[in-house]
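Biologist: I would like to go through this model and ask how each label is earned. Please set the values against the rules as we go.

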Amino acid sequence: MSDPGSIDTHFRRLLASGGAASVARAVAVERPVAIEFNGIGYAVMMATPADLADFATGFAFTERLVTRADQIRAIDHVAREEGDLLRVTLAAECAGAVAERARHRIAESSCGLCGIENLTQAIRPLPPVEAAPRAQPAAIFRALAALRAHQPLNRETGAVHAAARCSADGAVLAVREDVGRHNAFDKLIGAMLREGAEWDGGFALLSSRCSYELVEKAALARCPQLVTISAPTSLAIERARACGLKLTVLARLDAMLEPEA
């Protein structure tokens with residue numbers, strides 16, 4: 001394995017002309033990552049096993065189990081042949097939130113509503129986004145042009161998403177990658193929590209479509225603006241409007257869209 005996120009694999013390349021050849025290329029690693037909180041099995045995600053401490057931190061935060069990084073007392077990583085296990089110890093005051101959410105969750109992925117017993121649990125109120133975005137369109141175009149240079153795993157494999165923290169002037173400050181768009185964003189949010197980093201009027205840039213779950217993660221992370229390369233869903237737009245999160249979608253090098261009020 002060249003790094004924790006990829007593995008070299010051999011393929012037979014078949015040509016339309018009838019020829020064939022053996023080629024090697026890097027393939028993104030996707031394997032089960034189980035997460036326990038205070039000894040309670042909480043979720044099994046299909047993820048890229050890199051930056052797992054960031055992932056556990058961001059996931060705990062966007063699941064609303066913690067509100068601060070110091071409530072995560074320990075993260076133990078157990079690598080097994082069948083997958084990775086993250087044993088996360090949370091502060092005592094978080095035990096109630098873990099027990100309550102675990103009762104409503106039997107999920108094997110963060111995509112969709114698996115394990116949510118009712119719509120009230122599925123669509124929970126979001127805190128208002130109070131920070132004002134300061135990025136002008138030119139800054140977003142600048143970040144888009146620079147993003148690829150900050151995606152080493154995707155450059156190798158062509159199979160992973162990126163979540164980037166960008167400054168108000170469009171500089172790419174940090175990037176996390178994963179086969180799952182939710183996982184990549186959780187990793188970025190977790191890294192920011194662990195480092196004590198702030199958005200400072202900047203924005204999150206995601207190489208994915210804009211789903212409602214990503215809007216919720218952005219709002220919980222107090223991100224003033226969410227930019228995605230692909231299109232939004234109706235619920236994503238609705239949730240963003242409700243909490244005051246600025247959305248920029250279908251962001252490409254030549255144009256981008258902002259939902260009208």
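Modeller: A salt bridge is a side-chain nitrogen of Lys or Arg within 4 Å of a carboxyl oxygen of Asp or Glu. In this structure, which is a predicted model, Asp51, Asp54, Arg176 and Arg194 are linked in a network of such bridges.

Biologist: How many salt bridges does the rule give?

Modeller: The count comes to 13 salt bridges.

Biologist: What makes Glu36 and Arg87 a salt bridge?

Modeller: Their side chains meet at 3.6 Å, N to O. The cut-off is 4 Å, so the pair qualifies. Glu36 belongs to strand β3 (residues 31-37) and Arg87 to strand β6 (residues 83-90), so the bridge ties together parts 51 residues apart in sequence.

Biologist: Why is Arg87 called partly exposed?

Modeller: Its relative accessibility is 36%. Buried would need under 20% and exposed over 50%, so a value in between is called partly exposed.

Biologist: How do you know that Glu93 forms a salt bridge with Arg68?

Modeller: The closest N and O atoms of Glu93 and Arg68 are 3.9 Å apart, and the rule accepts pairs within 4 Å, so this one counts. The pair links distant parts of the chain, 25 residues apart. Glu93 sits in the loop between β6 and α2 (95-103), while Arg68 sits in the loop between α1 (52-62) and β5 (72-80). Arg68 has a relative accessible area of 40%, so the label is partly exposed.

Biologist: What about Glu258 and Lys246?

Modeller: Glu258 forms a salt bridge with Lys246, with the closest N and O atoms 3.6 Å apart. Glu258 is in the segment after β11 (246-248) and Lys246 is in strand β11, 12 residues apart. With 45% relative accessibility Glu258 is partly exposed, and with 31% Lys246 is partly exposed as well.

Biologist: Why does Arg165 have no salt bridge?

Modeller: The nearest side chain of opposite charge to Arg165 is Glu195, 4.7 Å away. A salt bridge needs nitrogen and oxygen within 4 Å, so the rule gives none here. Arg165 is nevertheless buried. The residue is in strand β7 (residues 161-166). Apart from neighbours within four places in sequence, its contacts include Leu173, Leu188, Met192, Trp199 and Phe203.

Biologist: Why is Ala184 called buried?

Modeller: Ala184 has 0% relative accessibility, and buried means under 20%, so the label follows. Ala184 is found in helix α6 (residues 181-195). Leaving aside neighbours within four places in sequence, Ala184 is in contact with residues including His161, Ala163, Arg176 and Asp178. Ala184 and Ser207 are 23 residues apart in sequence, with 9.7 Å between their C-alpha atoms.

Biologist: And what makes Thr62 buried?

Modeller: Thr62 has a relative accessible area of 6%, and the limit is under 20%, so Thr62 counts as buried. Thr62 is placed in helix α1. Not counting residues up to four places away in sequence, Thr62 touches Asp186, Ile189, Lys217 and Leu220.

Biologist: Which backbone angle is notable at Asn38?

Modeller: Asn38 has a positive phi of about 50° although it is not a glycine. Asn38 lies in the loop between β3 and β4 (40-47) and is partly exposed, with a relative accessible area of 33%. Arg64, also not a glycine, has a positive phi of about 65°. Arg64 is in the loop between α1 and β5, and its relative accessible area of 27% makes it partly exposed.

Biologist: Now the chain as a whole. How do you know that its radius of gyration agrees with a compact globule?

Modeller: For 261 residues a compact globule would have a value near 18 Å, and the protein chain has 19 Å, so the two agree. The C-alpha trace spans about 60 × 45 × 35 Å along its principal axes. Buried residues make up 49% of the 261 residues.

Biologist: How many helices and strands does the protein chain have?

Modeller: There are 8 helices and 11 strands. Among contacts between residues at least 6 apart in sequence, 52% join residues at least 24 apart.

Biologist: Where do the centres of the positive and negative side chains lie?

Modeller: The protein chain has 29 positive and 31 negative side chains, and the centres of the two sets are 3 Å apart. The accessible surface comes to about 12500 Å², with 53% of it belonging to carbon and sulfur atoms.

Key:
Residues are numbered from 1 along each chain as its sequence is written. This is a predicted model: local features need pLDDT of at least 70, side-chain atom pairs count only at pLDDT 80 or more; totals for chains, interfaces and linings use all residues. Side-chain values use heavy atoms; hydrogens and water are left out. Helices (H or I, at least four residues) and strands (E, at least two) are DSSP runs, numbered from the N terminus. Buried means under 20% relative accessible area, exposed over 50%, partly exposed in between (1.4 Å probe, protein chains only). The radius of gyration is taken over C-alpha atoms; the globule rule is 2.2 Å times the number of residues to the power 0.38. Contact means heavy atoms within 4.5 Å. Accessible areas come from the Shrake-Rupley method with a 1.4 Å probe; for residues, only the protein chains shown count as cover. Lys and Arg count as positive and Asp and Glu as negative; His and the chain ends are not counted. The place of a charge is taken as NZ of Lys, CZ of Arg, CG of Asp or CD of Glu.
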